[in-house]
Amino acid sequence: QKVESFLSPLIDQFAKEGKDKKVVFEARFSKPNCKPKWLFRKDEVFTGSKFKFKQENDTYQLIITTPKVEDTGKYTIEIGGVSSTAFLNVEEADPTYTFTKPLKKKLEGFTQHETTLECSVSSSMANVHWFKNNTKLESDDPRYLISKDINGNLKLIIKDSVLDDAGLYRCQLDKQPDKTECNLKVTEYPYKFVKVLKSQQCIEKDTVTLACEIDDAMGEVQWLRNGEEIKPDKRIQIVKDGRKRKLVIKDCKVTDAGQFKCTTNADTTESEIIINYQNRFNKKLKDTEAVEREKLILDIELQDQTAPCDWKFNGEPIVPSGSIEIKNMGGGKHQLIFSSLDMSNEGEITFESGQLSSKCKLSIRKGESRPNIDCPDKFSGPISAPVLLEVPFKVSGTKQTPVEAKLFKDGKPLPVKDVEVAVTDDKVTFKIKKPSRDLSGPYQIKISNGQGEDTKDVQIICQDVPQPPQDVDITDVYQTSCVVSFNPPSDDGGTPITKYVIERQDLSKKHGWESVAEVLPSEPCLKKIDDLIPKKQYRFRIRAVNAIGQSDPATFKNTILAKDPWDEPGKPRQSILPTGIKTMQI
């Protein structure tokens with residue numbers, strides 16, 4: 001006979017109260033459709049709200065709904081005297097917690113300050129999670145501090161809040177739907193002054209300190225002067241010391257005075273600073289050397305722009321006049337103006353302002369005189385190059401005005417195109433660019449400055465070669481000699497004639513002219529030429545010579561023939577002696 005048995009015995013089951021909805025024990029038996037018997041511990045169980053039986057062919061199930069801790073134990077199935085046993089272990093259900101103090105529905109926080117969200121739960125054992133706008137906040141985030149005490153009091157602290165921290169915050173119980181929410185609004189913290197600024201009055205060069213105090217050390221302030229923001233620099237410091245705020249102005253100036261204001265994002269405190277002058281000389285008088293007739297300005301500067309002042313000359317008050325002016329330029333600056341210095345203005349100048357005094361010695365040098373020309377009466381030069389006239393002059397005293405020079409001919413100044421003028425401290429050089437003989441003649445030199453002028457009449461000779469000699473004539477012509485005569489040229493070229501040169505041309509020869517004689521200017525203007533060759537024809541010409549060169553030739557207009565002024569006799573005719581005379585002596 002076949003022995004029946006469980007093909008798949010029961011298996012131990014585990015469940016957790018409150019979490020698992022059911023537990024199923026299942027076994028397979030070798031004989032299908034049998035009637036099983038189910039036991040819990042030793043007691044048979046029956047179908048009901050707690051237990052349900054299910055059978056399909058050879059598979060048998062016990063379904064335990066909503067398992068609890070008391071359902072823990074041994075479960076057995078028996079079929080035809082054959083049994084299978086398994087155990088059910090049901091853990092206790094997780095504890096349930098509630099919020100005993102919810103979050104505030106609305107909360108306002110301030111920037112740069114901590115913002116604390118608080119609530120409480122029924123037990124310190126409860127686990128919770130914090131969320132912002134459905135995003136979980138982690139406990140290791142350095143911007144947040146999450147805490148819970150033994151009494152179940154919960155805190156979320158937002159450090160150094162910023163505007164972006166605003167939003168919907170939620171505290172959620174772990175594994176439970178219970179939650180509490182808070183709508184957080186973050187705004188700028190309204191910093192208020194607990195100590196205000198005080199007005200002050202001081203003297204320039206002092207150190208001025210403006211101090212105030214706000215209600216929170218985190219607050220930022222802005223300093224303004226007359227409505228404009230103050231920026232720190234080498235003289236101005238902005239100090240932050242806890243809740244104290246200071247503005248320090250070192251080495252203060254009169255221009256630093258004004259209405260000062262310190263502001264936060266929600267409060268303002270104001271004060272006035274008055275800075276008085278510390279009178280002193282910013283600029284003193286200095287010993288001065290000036291020149292007669294020149295304008296002179298003596299400057300002085302006081303620190304106190306409102307201080308009175310007096311000018312004195314050799315201890316006596318200076319009275320303004322046509323040539324002396326006293327000016328207050330403003331800003332502490334004062335001037336004593338001499339429009340045209342006189343030698344009598346030399347002395348001690350004193351400036352006084354209260355107890356302050358500054359002195360200087362004024363020395364005056366003699367002013368310049370008008371030019372004095374010191375040059376020869378005559379100038380000369382060859383026309384082959386520009387003619388230079390060097391004209392020395394003297395100006396006594398201290399030079400003050402530029403020297404001007406002009407060269408006049410026939411009462412009119414020569415234009416720049418004809419003459420170049422160069423002026424130095426003691427000499428004027430005129431350069432006649434294109435000299436010619438017709439420019440020779442009388443001229444006038446005029447040299448001037450601011451004090452007057454001096455003139456000098458001079459003769460300018462533009463030198464050239466002489467004109468040809470005049471009235472050339474040849475007389476006393478014989479077969480071996482002749483006499484050449486002439487008159488001096490009409491113009492010697494501006495420099496004395498040194499000699500006359502007589503040139504001759506032998507027409508029977510092909511060569512040109514040759515020099516045959518010289519006549520000195522001290523000798524008579526004639527010369528006998530005694531080396532003629534009879535029967536030859538000659539031409540004669542004469543040149544005048546000076547230091548520049550020789551003139552063009554003056555040629556005798558006719559050709560001469562070297563012969564005596566009488567004719568030679570003809571041949572004798574046949575002689576007839578008287579009868580009876582054989583010879584005859586002549």
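**A walk along a chain of strands**

UniProt lists residues 468-565 under "domain: Fibronectin type-III", in an unreviewed entry. The model you are looking at is predicted, and this annotated span makes a good place to start. In the model, residues 468-565 are 0% helix and 47% strand, and the C-alpha atoms at the two ends of the span lie 30 Å apart.

Let's look at one sheet in this part of the chain. Three strands form an open sheet in the order E46-E47-E50, and their pairing is antiparallel. Strand E46 covers residues 470-475 and strand E50 covers 526-529; both stand at the edges with a single partner strand each, so one side of each has no neighbour in the sheet. On average, neighbouring strands here are turned by 15° against each other, direction ignored. As a general reminder, the strands of a sheet pair through backbone hydrogen bonds, in either a parallel or an antiparallel way. Between E46 and strand E47 (residues 482-487), the antiparallel pairing runs over four bridges. If you would like a place to find this pairing on screen, take Asp473: its bridge partner in E47 is Ser485.

Now step back towards the earlier part of the chain. UniProt, again in an unreviewed entry, places the feature "domain: Ig-like" at residues 95-187 and 190-274. Residues 95-187 are 0% helix and 53% strand, with end C-alpha atoms 40 Å apart. For residues 190-274 the content is 0% helix and 53% strand, and here the end C-alpha atoms are 31 Å apart.

The domain assignment offers another way to divide the protein chain: domain 1 (6-91), domain 2 (99-187), domain 3 (193-276), domain 4 (282-365), domain 5 (372-463) and domain 6 (473-562). Taken over C-alpha atoms, the centres of domain 1 and domain 2 are separated by 47 Å.

How many helices and strands does the whole protein chain have? There are zero helices and 53 strands. The radius of gyration of the protein chain is 71 Å, well over the 25 Å that the globule rule gives for 586 residues, so the chain is more spread out than a compact globule. You can see this in the C-alpha trace, which spans about 245 × 100 × 25 Å along its principal axes.

Two further values complete the tour. Of the 586 residues in the protein chain, 36% count as buried. Among contacts with a separation of 6 or more, 62% come from residues 24 or more positions apart.

Key
Residues numbered from 1 in each chain as written. Predicted model: local features only at pLDDT ≥ 70, side-chain atom pairs only at ≥ 80, totals over all residues. Heavy atoms only, no water. Pairing = 2+ DSSP bridges. Axes fitted to C-alpha atoms, helices over the stretch in contact; angles between N-to-C directions. Domains from an automatic or database assignment. UniProt positions renumbered as here; feature names shortened; annotations may be inferred. Rg over C-alpha atoms; globule rule 2.2 N^0.38 Å. Buried < 20%, exposed > 50% of the residue type's maximum accessible area, 1.4 Å probe, protein only. Contact = heavy atoms within 4.5 Å.
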